[in-house]
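Q: I would like a close look at one part of this protein. Please take the salt bridges and set them in the context of the whole fold.

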Amino acid sequence: MVLLGLLASLAIPPVGRGMTVLRLRTSSNQIAGMLRLARAQAVREQQIYWAGFDQEKNQVEVVSENGKVRKTLALPQGVSLREVSLLGEHDQDRASGTSYFFFSPNGSSERFEAVVASDRGRAFRIVQDWLIRSPRVEEVGDEAQPNRRRSRR
């Protein structure tokens, strides 16, 4: 019994870390999916769609211009919106609040990024670039180790 207890205590922390990374990765991919939905709906319905990132409520929403469509994604416990900004413009003074970005009927959008982080320090960046049109998800690596950054599509 003692041996089983010892083995279980050694195995449980790595499983816990794995679940945290899985929640973080899943949340990042869900946000990217919501951005794809906003763009597709804007083109299909020929109206502006908004993607809102609420750092206080820790959620992301997609809203149509006429207000008839509203989809919300609440991030799970242990995962949070760490930063939301226009691409290349990081505002360190802004720690919370809601940021909205548009998707126009012609399929274009603003260039923005959102960083989603776990309470254990890992993070993913969701980048929406109007040139590529589809958001990309990349792992944010330690700046001292730039080769840790991995891109996912």
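A: What follows starts with the overall model, passes through the sheet, and ends at the salt bridges.

The model is predicted. Its average pLDDT is 83. Of the residues, 79% score at least 70. One stretch calls for care: over residues 143-153, pLDDT stays under 50. In the model, that stretch has 19 contacts beyond four places in sequence.

Now the layout. The protein has one helix and nine strands. From the N terminus on, the order is α-β-β-β-β-β-β-β-β-β. Of its 153 residues, 38% count as buried. The accessible surface comes to about 9000 Å². Carbon and sulfur atoms account for 53% of that surface. Take the contacts between residues at least 6 apart in sequence: 53% of them join residues at least 24 apart.

Helix 1 covers residues 2-45, and Gln41 is found in it. Gln41 has a relative accessible area of 14%. The cut-off for buried is under 20%, so Gln41 is buried. Setting aside neighbours within four places in sequence, Gln41 touches Gln46 and Tyr49. Tyr49 brings us to the sheet, since strand 1 spans residues 49-54.

This sheet is open and has four strands. Their order is 3-2-1-5, and the pairing is antiparallel. Strand 3 (70-74) and strand 5 (98-103) are the edge strands, each pairing on one side only. On average, neighbouring strands here are turned by 15° against each other, direction ignored.

Go through the pairs. Strand 1 is joined to strand 2 (residues 59-64) by six bridges, and the two run antiparallel. Within this part of the sheet, Asp54 stands opposite Gln59 of strand 2. Strand 2 also pairs with strand 3, over five bridges and again in the antiparallel sense. There, Glu61 has Thr72 of strand 3 as its bridge partner. The hairpin of strand 2 and strand 3 has five residues between the strands. In that hairpin, Gly67 takes a positive phi near 80°. One general point helps when reading side chains off any sheet: in a regular strand they alternate between the two faces.

Now the salt bridges. The whole structure holds six of them. Three are described here in turn, each with its distance, its place in the chain and its exposure.

Start with Arg111 and Asp129. Their side chains meet in a salt bridge at 3.2 Å, N to O. Arg111 lies in the loop between strand 5 and strand 6 (112-118), and Asp129 in the loop between strand 7 (123-128) and strand 8 (136-140), so the bridge ties together parts that are 18 residues apart in sequence. How exposed are the two partners, Arg111 and Asp129? Arg111 has 38% relative accessibility and counts as partly exposed. Asp129 is buried, at a relative accessible area of 10%.

Next come Arg122 and Glu139. Their closest N and O atoms are 2.5 Å apart in this salt bridge. The pair links distant parts of the chain. Arg122 sits in the loop between strand 6 and strand 7, and Glu139 sits in strand 8, 17 residues apart. Arg122 counts as partly exposed, at 27% relative accessibility. Glu139 counts as buried, at 3%.

The third is the bridge of Glu138 and Arg125. Their side chains meet at 3.4 Å, N to O. Glu138 is in strand 8 and Arg125 is in strand 7, so this pair ties together parts that are 13 residues apart in sequence. Glu138 counts as buried, with 11% relative accessibility. Arg125 is buried too, with a relative accessible area of 14%. This pair also belongs to a network: salt bridges that share partners join Glu113, Arg125, Arg136 and Glu138.

Put the pieces side by side. Arg111 is partly exposed and its partner Asp129 is buried. Arg122 is partly exposed and its partner Glu139 is buried. For the third pair, Glu138 is buried and so is Arg125. Strand 8 holds Glu139 and Glu138.

Terms used
Residues are numbered from 1 along each chain as its sequence is written. Side-chain values use heavy atoms; hydrogens and water are left out. Two strands pair if DSSP finds at least two bridges between them. Axes are lines fitted to C-alpha atoms, for helices over the stretch in contact, and angles run from 0 to 180 degrees between N-to-C directions. pLDDT is the predictor's confidence in each residue, from 0 to 100. Contact means heavy atoms within 4.5 Å. Buried means under 20% relative accessible area, exposed over 50%, partly exposed in between (1.4 Å probe, protein chains only). A salt bridge is a side-chain nitrogen of Lys or Arg within 4 Å of a carboxyl oxygen of Asp or Glu. Accessible areas come from the Shrake-Rupley method with a 1.4 Å probe; for residues, only the protein chains shown count as cover.
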